Amino acid sequence: EKEKRFNSYKNIYKEYLRFSHEQIFKSENAQALNYLEKRGISKNIIREFKLGYVPWQNNFYKESKKNFNESELLLTGLFYKNEKTEKVVDRFNSRIIFPINNLAGDPIAFGGRIIKEGKLAKYINSPETEFYKKGRTIFNLDKAKELRSKTNDVIIVEGYMDVVSLYASGIRNIISNSGIAITEMQIQLIWKFFSNPVVCLDGDDSGQNAALRIAEKLLPLINENNKIYFSILPKGEDPDDYVKKNG
């Protein structure tokens, strides 16, 4: 039963990924492509990460009802019901989306970035679902783990955008804990592939406080085989700024 649910879940995600990835290259959605290209992310990188865009008005839900039932579609967290109107709303509409894959490379969640600054949250994530637990998932570990024969180091940054920008600059052993404090489960998962993770945080006070909290929590787990390093950036810079400035 669970296996069956997971299959329909994965299939809906694959379809949504295909749909949103197609949309990002359409001329009517040029603002999404422009935003990414301004941030130094080329079409090749967009294709490699399968980044997408979800237009405000789209028929994805309606089309999907032909192959999946409402409860399967709502289980994915891609949609929610407006309580007043009973209408199903697309959670990621008007956002650039970043697929969050499991270790096998299947998309199981998304992060979404709004393009126009306004009242809406800049970043949102898929909600936790039966098959997506934030504390057990690492963004881009499915790609980065291919490098483990070459290096013991992996850099952990805060956001999807940092991962994609740094990857575009040629730094490939890069992952993100997707905006939550690193959990024990995440670090154990990272250690399976890399013995020297480097936590790279923004150079502001909250970045430094986060480093202390992580160190306190994970200190008991460190041993001679598994270590954790910290790299704190200059004040006011995030990894993306730093690399653009210093190469």
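**Notes on the four-stranded sheet and a helix pair**

1. A good place to start is the bridge between Val54 and its partner in β4, Arg95. Please keep in mind while reading that this is a predicted model. Gly52 also has a place along this seam, standing opposite Ile97 in β4. In total, three bridges join β1 to β4 (residues 95-101), and the two strands run antiparallel.

2. On to the neighbouring pair. β4 and β5 are joined by seven bridges and run antiparallel as well. If you would like a spot to find in the viewer, look for Ile100, whose bridge partner in β5 is Ala109. The hairpin of β4 and β5 has five residues between the strands, and Gly105 takes a positive phi near 90° there.

3. Now the sheet as a whole. Its four strands follow the order β1-β4-β5-β6, the sheet is open, and the pairing is antiparallel. β1 (52-54) and β6 (123-125) each have a single partner strand, so these edge strands are each left with one side that lacks a neighbour in the sheet. From one strand to the next, the twist averages 30°.

4. Two helices pack on this sheet. Helix α1 (residues 2-24) touches β1, β4 and β5 (107-114), and its direction makes about 35° with that of β5. Helix α2 (residues 30-38) likewise touches β1, β4 and β5, while its direction makes about 65° with that of β4.

5. How many of the residues of β4 are buried? The count is seven of seven, so to speak the strand is mostly covered. Arg95, Ile97, Pro99 and Asn101 point one way from β4, whereas Ile96, Phe98 and Ile100 point the other way, and all are buried. Do note that Arg95, the bridge partner of Val54, is among these buried residues.

6. Finally, a helix pair to look at. The axes of α7 (residues 160-168) and α10 (residues 239-246) come within 9 Å and cross at roughly 20°. With an angle under 35 degrees counting as roughly parallel, the two helices are therefore roughly parallel to each other. Their crossing is left-handed.

7. Which residues meet where α7 and α10 are in contact? From α7 come Asp162, Ser165 and Leu166, and from α10 come Pro239, Asp240, Val243 and Lys244. By type, the residues of this contact divide into three nonpolar, one polar and three charged.

Definitions and conventions. Residues are numbered from 1 along each chain as its sequence is written. This is a predicted model: local features need pLDDT of at least 70, side-chain atom pairs count only at pLDDT 80 or more; totals for chains, interfaces and linings use all residues. Side-chain values use heavy atoms; hydrogens and water are left out. Axes are lines fitted to C-alpha atoms, for helices over the stretch in contact, and angles run from 0 to 180 degrees between N-to-C directions. Angles under 35 degrees count as roughly parallel, over 145 as roughly antiparallel, 65 to 115 as roughly perpendicular and the rest as oblique. A crossing is left-handed if the near helix is turned anticlockwise from the far one by less than a right angle, and right-handed if clockwise. Contact means heavy atoms within 4.5 Å. Ala, Val, Leu, Ile, Met, Phe, Trp, Tyr, Cys and Pro count as nonpolar, Asp, Glu, Lys and Arg as charged, and the others, Gly among them, as polar. Two strands pair if DSSP finds at least two bridges between them. Buried means under 20% relative accessible area, exposed over 50%, partly exposed in between (1.4 Å probe, protein chains only).
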